[in-house]
Amino acid sequence: MPPRLPPLSALRLFEAAGRHQSFKRAAAELHLTPSAVSHGIVGLEQTLGVALFARSPQGLTLTPEGVDYLAYVTEAFSLLLTGTRRLPTPDASRAIALTCAPTLALRWLLPRLGEFLARMPNVDITVDTSRRQVGFPTDGFDFAIRLSRAPVASDRWHRLFGERFVPACSPAFLAEHGDADGRLDLRAATRIHVSSASEDWQGWIEGAAIEDFDARGGLSFDSIQMGLDAAMAGLGVVIARRPLADTYFESGALVPAHDIVTQAQSAYWLICADDIEPHPECVAFRDWLIEQAAASVPVETASGE
């Protein structure tokens with residue numbers, strides 16, 4: 001008698017937990033409790049008669065059998081999703097799903113999104129800002145925008161723009177701590193760090209070729225937006241990322257705290273699912289994003305004034 005397939009719901013739990021190597025993160029993605037995910041995985045292991053995960057105080061890891069099985073389950077879900085996405089819809093279009101970092105969505109995408117909606121008002125758009133690895137097409141996204149130092153060798157990767165770094169603070173902070181010429185001693189100033197950023201103060205210091213500058217110490221936040229908000233609140237100096245922080249400079253909420261601007265080593269890349277071509281709204285959205293990126297950063301320089 002051939003083996004029976006496990007329930008699809010249990011396989012979905014396994015796919016998410018295996019991809020994240022975490023019951024907790026899988027639960028957050030699936031809007032379940034970690035206990036529900038754990039019990040579902042235990043039930044799947046009992047059904048299969050195989051241990052898929054090794055549990056230890058150090059964390060969760062896939063067993064060799066789990067690694068092998070995950071590859072098949074992921075491929076199966078990908079095929080199912082690809083087939084579903086190819087089905088025609090009543091209006092011959094579908095919603096667009098994009099995942100990107102929260103500050104990029106808030107400071108760069110949202111102010112521009114109205115222009116695309118004016119062009120294509122009947123298109124639904126979903127923006128996801130969770131920090132997780134994305135699997136195409138399993139996760140159902142059409143696009144992902146991610147920071148990377150180099151693209152994967154694929155024609156589905158499109159460079160949008162690189163960030164430019166400049167120390168920034170509030171006008172009040174500069175007035176209080178700057179000298180008579182409006183210059184700020186960054187070594188003495190409170191520095192605001194963004195712990196989640198791969199490049200921060202050290203990236204600016206290296207790009208500016210400044211020696212004997214120990215940037216450690218000060219305040220630390222886990223998001224770019226909180227770092228910017230802290231600087232605007234007068235708490236210290238942050239490495240502002242342009243063009244994400246452009247509107248703050250334009251409004252005067254932030255001012256440069258140094259005259260050197262450096263170029264980040266990484267850049268924002270648009271990654272496309274491989275099945276967007278049959279969908280005109282997805283192709284239009286891809287082309288629009290690339291167009292907006294080119295317009296928002298007309299000139300990128302390795303160093304500033």
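Which elements are included in what covers the buried residues of α8? In this predicted model, the cover of those residues includes α5 (102-119), β6 (157-169), β7 (191-194), β8 (219-221), β9 (237-242) and α9 (246-251). The residues concerned are Ile 224, Gln 225, Gly 227, Leu 228, Ala 230 and Ala 231, which are buried in helix α8 (residues 224-232). Just after α8, Gly 234 has a positive phi of about 85°.

**Overall composition**

The protein contains 10 helices and 11 strands. Of its 305 residues, 45% are buried. Taking contacts between residues at least 6 apart in sequence, 74% join residues at least 24 apart.

Two pairs of C-alpha atoms illustrate separation along the chain. Ala 144 is placed in strand β5 (residues 143-148) and counts as buried, because its relative accessibility is 2%, under the 20% cut-off. Its C-alpha atom is separated by 8.5 Å from that of Ala 273, 129 residues apart along the chain. Gln 263 belongs to strand β11 (residues 262-272). With a relative accessibility of 21%, Gln 263 counts as partly exposed. The C-alpha atoms of Gln 263 and Gly 162 are separated by 7.2 Å, with their positions 101 residues apart along the chain.

**Packing of α1 and α2**

Two packed helices are described by the angle between their axes and the distance between the axes. For helix α1 (residues 8-20) and helix α2 (residues 23-30), the angle is about 125° and the axes are 8 Å apart. The angle therefore makes α1 oblique to α2, since it falls outside the 65 to 115 degrees range for roughly perpendicular and is not over 145, the limit for roughly antiparallel. The crossing of α1 past α2 is right-handed.

On the α1 side the contact is made by Arg 12, Leu 13, Ala 16, Ala 17, Arg 19 and His 20. On the α2 side the residues are Phe 23, Arg 25, Ala 26, Glu 29 and Leu 30. Sorted by class, this contact has 6 nonpolar, 1 polar and 4 charged residues.

The loop between α1 and α2 holds Gln 21. Gln 21 is not a glycine, yet has a positive phi of about 55°. Its relative accessibility of 30% makes Gln 21 partly exposed. A further non-glycine residue with positive phi is His 31, at about 60°. His 31 lies in the loop between α2 and α3 and is exposed, with a relative accessible area of 72%.

**Salt bridges**

Side chains of opposite charge can pair when their charged atoms come close. The model has 12 salt bridges, and the table lists some of them.

| Pair | N to O distance | Relative accessibility |
|---|---|---|
| Glu 15 and Arg 12 | 2.3 Å | Glu 15 1%, Arg 12 22% |
| Arg 55 and Glu 45 | 3.0 Å | Arg 55 42%, Glu 45 11% |
| Arg 216 and Asp 214 | 2.9 Å | Arg 216 68%, Asp 214 43% |

How many residues apart in helix α1 are Glu 15 and Arg 12? They are 3 residues apart, so about one helical turn separates them. An α-helix has 3.6 residues a turn, so residues three or four places apart point the same way. Glu 15 counts as buried, whereas Arg 12 is partly exposed.

The pair of Arg 55 and Glu 45 links distant parts of the chain, with Arg 55 in strand β1 (residues 53-56) and Glu 45 in helix α3 (residues 34-48), 10 residues apart. Arg 55 is partly exposed, while Glu 45 is buried.

In the third row of the table, Arg 216 is exposed and its partner Asp 214 is partly exposed. Elsewhere, salt bridges that share partners join Arg 12, Glu 15, Arg 19 and Glu 29 into one network. Arg 12, Arg 19 and Glu 29 also appear in the contact of α1 with α2.

**A cis peptide bond**

Arg 242 and Pro 243 are joined by a cis peptide bond, with omega about 20°. Pro 243 is located in the loop between β9 and α9. Both β9 (237-242) and α9 (246-251) are included in what covers the buried residues of α8.

Key: Residues are numbered from 1 along each chain as its sequence is written. This is a predicted model: local features need pLDDT of at least 70, side-chain atom pairs count only at pLDDT 80 or more; totals for chains, interfaces and linings use all residues. Side-chain values use heavy atoms; hydrogens and water are left out. Axes are lines fitted to C-alpha atoms, for helices over the stretch in contact, and angles run from 0 to 180 degrees between N-to-C directions. Helices (H or I, at least four residues) and strands (E, at least two) are DSSP runs, numbered from the N terminus. Angles under 35 degrees count as roughly parallel, over 145 as roughly antiparallel, 65 to 115 as roughly perpendicular and the rest as oblique. A crossing is left-handed if the near helix is turned anticlockwise from the far one by less than a right angle, and right-handed if clockwise. Contact means heavy atoms within 4.5 Å. Ala, Val, Leu, Ile, Met, Phe, Trp, Tyr, Cys and Pro count as nonpolar, Asp, Glu, Lys and Arg as charged, and the others, Gly among them, as polar. A salt bridge is a side-chain nitrogen of Lys or Arg within 4 Å of a carboxyl oxygen of Asp or Glu. Buried means under 20% relative accessible area, exposed over 50%, partly exposed in between (1.4 Å probe, protein chains only).
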